[in-house]
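Biologist: Please take me through this model one question at a time, and explain each term when it first comes up.

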Amino acid sequence: MTDEPTRMHVVFSGHVQGVGFRQSATQIAKSFPVVGWVKNLPSGNVEIVVEGTKSACSDFLASIRDRMFEYISDVECQWTEPTNEFETFEIQY
């Protein structure tokens, strides 16, 4: 695991809306040096875009999976170059 800056795009599927998923992700993000956003999708999925070091992003994702595992049926994750456009982690509406 490297500590190079990266961007992670994640889509969670399952019963992930109406269970406090976005609030939990925002709370978990405070424990890691990451920035980005989380939002509900019309499809019923939840999308997260997060930037930080690769290890921080991976640990952030693992913490979400640990806390919300009972609601998640699938996770799609893509890694790309960071854009450095975020200053905080927040819920998008």
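Modeller: Helices and strands are DSSP runs (H or I over at least four residues for a helix, E over at least two for a strand), numbered from the N terminus. This is a predicted model, in which local features need pLDDT of at least 70 and side-chain atom pairs count only at pLDDT 80 or more, while totals for chains, interfaces and linings use all residues. Residues are numbered from 1 along each chain as its sequence is written, and side-chain values use heavy atoms, with hydrogens and water left out.

Biologist: What pattern does the protein chain follow along the sequence?

Modeller: The protein chain holds two helices and five strands. Read in sequence order, with β for a strand and α for a helix, they give the pattern β-α-β-β-α-β-β.

Biologist: Is Ser-43 buried or exposed?

Modeller: Ser-43 sits in the loop between strand S2 (35–40) and strand S3 (46–53). A residue is buried under 20% relative accessible area, exposed over 50%, and partly exposed in between (1.4 Å probe, protein chains only). Because its relative accessible area is 55%, Ser-43 is exposed.

Biologist: How far is Ser-43 from Phe-32 in space?

Modeller: Along the sequence, Ser-43 and Phe-32 are 11 residues apart. Taken from C-alpha to C-alpha, the distance between Ser-43 and Phe-32 in space is 28 Å.

Biologist: Which residues does UniProt list for "active site"?

Modeller: The listing comes from an unreviewed UniProt entry; UniProt positions are given in the numbering used here, feature names are shortened, and annotations may be inferred rather than shown by experiment. For "active site", that entry lists Arg-22 and Asn-40.

Biologist: Within what C-alpha distance do these two gather?

Modeller: Arg-22 is in helix H1, while Asn-40 is found in strand S2. Arg-22 also touches Asn-40, among other residues, where contact means heavy atoms within 4.5 Å. The two listed residues span 19 residues in sequence, yet they gather at one spot because no two of their C-alpha atoms are farther apart than 7.8 Å.

Biologist: Does Asn-40 count as buried, exposed or partly exposed?

Modeller: Arg-22 makes a useful starting point, since at 17% relative accessibility it counts as buried. For Asn-40 the relative accessibility is 27%, so Asn-40 counts as partly exposed.

Biologist: What length does helix H2 reach from its first C-alpha to its last?

Modeller: Helix H2 covers residues 54–68, which makes 15 residues. The expected span of a helix is 1.5 Å times one less than its number of residues, and for H2 this gives 21 Å. Close to that expected value, H2 reaches 21 Å.

Biologist: Which element gives the most to the largest nonpolar core?

Modeller: A nonpolar core is a set of buried Ala, Val, Leu, Ile, Met, Phe, Trp, Tyr and Cys residues joined through side-chain atoms within 4.5 Å. The largest has 24 residues, and those with the most contacts inside it are Phe-12, Ile-48, Phe-60 and Ile-64. S1, H1, S3, H2, S4 and S5 each supply at least two residues of this core. With six residues, the element that gives the most is H2.

Biologist: What share of the residues of the protein chain counts as buried?

Modeller: In soluble globular proteins, nonpolar side chains tend to be buried together. In H2, the buried residues include Phe-60, Leu-61 and Ile-64. Of the 93 residues of the protein chain, the share that counts as buried is 45%.

Definitions and conventions. Lists of a residue's contacts leave out its neighbours within four places in sequence.
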